[in-house]
Amino acid sequence: MTDASRVVLGLGGCVDYELKLTAGVLQQLIVEYGIVAAELTSPADVAGERDLVVSILGYVARGGGGEHFVASAPALSTFADRFPHRQTLGGTSVRAGILMSRLGVPSTLHLVSVNDTFRRLLPFDSEYINSGTADTFYPHLIVQYDAGLWIRANDIDINAPFPNRLIYVNDPANADMFLTENLGDRLGVADVFLISGFNAMRDVGELDDRLAVLKDHMRQLPPNAVTYFEDAAYHEPAFSRRVREALINNIDVYGLNEDELQSYLKRTVDLLDPEDVTTALAEVHKLIPVPTLVLHTKYWALASGSGDYADALDTGTVMAATRYSHGDDFTDADVERLRRQPRRPESVAFASRMNATVVPGFVLDVENPTTVGLGDTFVGGFLAELALKGRG
């Protein structure tokens, strides 16, 4: 058994086109497409590039993050080509695995699509199993924007209150989410199993089939293995509940961010108000009755329920903050310097009043932050700590 066999990360990955929004390009598109302020409501279906621009502007106006299916695959490439962009590897499981590799924890990835770009960028110590029968290439568009991005055109005048990231996808392989026949064999020797990726599926019959197959494979997990489920924005929102209800009895730790929390509750939560957060946790725990809920936000990370996850929360928080500050090219020295930085005073005050394990976030003043992959990096840090403890 290799070390990589002890951590299985699934269920799909991709190549990302990462870009940073600029006001000039967006303002030109607003004029060309005749977009007006009244259109910047909650995101609807994204059919082509015009819809894509409207969706992005709506998120920028409130500093939000999200993920959407785009009916036109060419619209993704057309929009990406308007900006300088780079190719990276994406998907929660893949980004988590890349971070874990940096921390000395190799893993086995379950993939549904590979290609030469993917193989070139994958860490050398990562193994993978793939349900695809041939190379495929369905890049995801990852849009970052900074706080203070000011866009003025036609009657639109918006200024981003927070930095964030958006994901736009047309990916048949991840929509199909076929599982490999030998996944169960891999799980049979695993200490840690990450589940993510069902959010890209669009056919309810196929979803139910994949969930049933996954549960069958999971019967081979050792009794002491930890199964971590990371939530996401579902392209078909009704599928979220379907996935939860199918897997709820097989999940040890359920992770989500503030966007997903507030989406479930259909209200805004004051993330620095202990009473509001305590009420929100009680409400979401009724909806998601798992042993442990993990909520990771821009202010803090929290574990509510059974188990001691303080060190895992801290490692996840440190690594996400390092990525925010330094992107992919951080060094060990960057990590150590960040560990010594002060924690946010408002987050420390919040943590002191919570009846839960809370790790405050750091004071970060970064001119050009990286906003993509922060949740995935948190998950990687969290799971790396669990895997390292298991080795001990």
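How many bridges join β5 to strand β6 (residues 127–130)? Select both strands: 4 bridges join them, and they run parallel. Strands here are DSSP runs of E with at least two residues, helices are runs of H or I with at least four, and both are numbered from the N terminus. Two strands count as paired if DSSP finds at least two bridges between them.

The model is a predicted one, in which local features need pLDDT of at least 70 and side-chain atom pairs count only at pLDDT 80 or more, while totals for chains, interfaces and linings use all residues. Residues are numbered from 1 along each chain as its sequence is written, and side-chain values use heavy atoms, with hydrogens and water left out.

**Stop 1: around β5**

Stay on β5 (residues 108–111) and show its side chains. Thr108 and His110 point one way, Leu109 and Leu111 point the other way, and all are buried (under 20% relative accessible area with a 1.4 Å probe, protein chains only; exposed is over 50%, partly exposed in between). Threonine 108 stands opposite glutamate 127 in β6, and threonine 108 is also the bridge partner of valine 8. Add strand β1 (residues 7–9), which pairs with β5 in the parallel sense over 2 bridges.

Next add helix α5 (residues 116–121): β5, α5 and β6 make a right-handed β-α-β unit. Right-handed means that, with the strands pointing away from the viewer, the path from the first strand over the helix to the second runs clockwise.

**Stop 2: phenylalanine 193**

Select phenylalanine 193 in strand β11 (residues 192–195). Phenylalanine 193 counts as buried because its relative accessibility is 0%. Leaving aside residues up to four places away in sequence, phenylalanine 193 touches Val8, Leu11, Leu187, Leu214, Met218, Leu221, Val226, Thr227 and Tyr228 (contact means heavy atoms within 4.5 Å).

**Stop 3: the β8–β9 hairpin**

Select strand β8 (residues 150–153) and β9, which run antiparallel and are joined by 4 bridges. Tryptophan 150 stands opposite asparagine 159. The hairpin has 2 residues between the strands, and asparagine 154 takes a positive phi near 50°. Along β9 (residues 156–159), Ile156 and Ile158 point to one face and are buried, whereas Asp157 and Asn159 point to the other and are not.

**Stop 4: α2 and α3**

Finish with helix α2 (residues 49–62) and helix α3 (residues 73–80), whose axes come within 9 Å and cross at roughly 65°. The contact is made by Glu49, Leu52, Val53 and Ile56 of α2 with Ala75, Thr78 and Phe79 of α3. Axes are lines fitted to C-alpha atoms over the stretch in contact, and angles run from 0 to 180 degrees between N-to-C directions.
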